[in-house]
Amino acid sequence: MDAMIRVEGLTKHFPVRSGSFGRRETSVVRAVEDVDLEIETGETLALVGESGCGKSTTGRLILHVETPTRGRVTWFGRDLATLGRKDFLSYRVGVQAVFQDPWASLNPRMRAGSIILEPVLAHKHLERSESQATLARLLHEVGLGPEHADRFPHEFSGGQRQRIAIARALALAPRLIVLDEPLSSLDVSIRAQIVNLLVDLRRRHDLSFLLISHDLATVRYMSQRVAVMYLGRIVERAETKSLFDGPRHPYTRALFAAALPATPGVPRADPISGEVPSPLNPPSGCPFHPRCPIAIARCSVERPPLRLVAQDHLAACHLA
């Protein structure tokens, strides 16, 4: 059986231009390099890593907001690049997104009800009574009431605005929602409410999520599998429990050391040293070797493949 979403060899390079009117391409930013992923029906796959590692670009490629330089994305076994207009429209309906900043992603001149119903009315002709019933149901799904429908975005708190964004994403009954840092702009006191809402919606509607996040506590709570990105590449991929119980890549261990609270009596790994190399000129061999505390000579000249190191646990490290 084909996965809902399968990503194979996905690569995205952005050209860097110079000269008069930017006519001459001088180099490329290697934002995403040779990424393989799959998302099954009803699961949450988390994509984690430092800022600038390619997580959001990968999400945009899956949303087809960006087109890949090479590689492909398949939807239930069908390559997006070969879909006809009708099938591609079905894909657009089936894959929705919730973005990082609800203030920026909601039209400030539209009332909440119009924002939520906009995608439905773009694809379906509904009588007024049907549209009002749909709106009431969607507001209820995300914990808002009918009285919120006539308010503008600036009249809501950050958490309420994110609930509106989630209701809009649910409006077309999608199969997959890309959650791009959905909690990072919210107060800590509100985050747990939104996380629990998302988990409840996933179970209730058999949704799949691609969770793009740097919040490891949220990733551990929400996801079934995790992929770790560094400099545009997947360096480790495993079931959530396996990854958190025993990370095999030194970058993953360093991420955990930097983000998770220390355990009394347990030695803490050294945090990551140095800066992320430029994607304009990535290092040879393993991309992490200039910052890796256990790198050997082989690491600087030979890129390690993403290989199986334990049951359903892959890591791209010569020493994993």
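Leu 47 stands opposite Ala 227 in strand β9, a contact point in the parallel pairing of β3 with β9, which runs over four bridges. This is a predicted model, so keep that in mind as you look around. The stops below are the open sheet, the buried strand β9, the aromatic pairs and a nonpolar patch on the surface.

**The sheet**

- Eight strands make up an open sheet with mixed pairing, and their order is β6-β7-β8-β3-β9-β10-β12-β11.
- At the edges you'll find β6 (95-98) and β11, each of which pairs on one side only.
- From one strand to the next, the twist averages 25°.
- As a bit of background, strands of a sheet pair through backbone hydrogen bonds, and they can do so in a parallel or an antiparallel way.

**Around β3**

- Strand β3 covers residues 44-48, and it pairs with strand β8 (residues 208-212) in the parallel sense over four bridges.
- Within β3, look for Leu 45, which stands opposite Leu 210 in β8.
- In the sheet order, β3 sits between β8 and β9, and its pairing with β9 is parallel too, again over four bridges.

**Strand β9 and its hairpin**

- Is β9 enclosed or open? Six of the six residues of this strand (residues 225-230) are buried, so the rest of the structure largely encloses it.
- Both faces of β9 are covered: one side has Arg 225, Ala 227 and Met 229, the other has Val 226, Val 228 and Tyr 230, and all of these are buried.
- Ala 227, the residue opposite Leu 47, is therefore one of the buried residues in a strand with under 20% relative accessible area as the cut-off for that word.
- On the β10 side, six bridges join β9 to strand β10 (residues 233-239), and the two run antiparallel.
- Tyr 230 has Arg 233 as its bridge partner in β10.
- Together β9 and β10 form a hairpin with two residues between them, and Leu 231 in the turn has a positive phi of about 50°.

**Aromatic pairs**

- How many aromatic pairs does the structure hold? There are seven.
- One of them joins Phe 244 and Phe 256, which are stacked at 4.7 Å centre to centre with 20° between the planes.
- Phe 244 lies in helix α9 (residues 240-245) and Phe 256 in helix α10, so this pair ties together parts that are 12 residues apart in sequence.
- Both partners are tucked away: Phe 244 is buried with a relative accessible area of 10%, and Phe 256 is buried at 9%.
- Tyr 251 and Phe 288 make an edge-to-face pair, at 5.3 Å centre to centre and 65° between the planes.
- That pair links distant parts of the chain, with Tyr 251 in helix α10 and Phe 288 in the loop between α10 and β11, 37 residues apart.
- Tyr 251 and Phe 288 are both buried.
- Elsewhere, ring pairs link Trp 75, Phe 76, Phe 88 and Tyr 91 into a cluster.

**A nonpolar patch on the surface**

- Which residues form the nonpolar patch on the surface? They are Ile 294, Ile 296 and Leu 319, with about 230 Å² of accessible area together.
- Ile 296 is placed in the loop between α10 (250-259) and β11 (307-310).
- Ile 296 is partly exposed, with a relative accessible area of 39%, and this fits the patch because its members need over 30%.

Conventions. Residues numbered from 1 in each chain as written. Predicted model: local features only at pLDDT ≥ 70, side-chain atom pairs only at ≥ 80, totals over all residues. Heavy atoms only, no water. Patch = residues over 30% accessible without salt bridge, like charges linked within 9 Å, V, L, I, M, F, W, Y side chains within 5 Å. Areas by Shrake-Rupley, 256 points an atom, 1.4 Å probe, with all protein chains shown as cover. Salt bridge = Lys/Arg side-chain N within 4 Å of Asp/Glu carboxyl O. Buried < 20%, exposed > 50% of the residue type's maximum accessible area, 1.4 Å probe, protein only. Phe/Tyr/Trp six-rings, centres within 6.5 Å; stacked < 30°, edge-to-face > 60°. Pairing = 2+ DSSP bridges. Axes fitted to C-alpha atoms, helices over the stretch in contact; angles between N-to-C directions.
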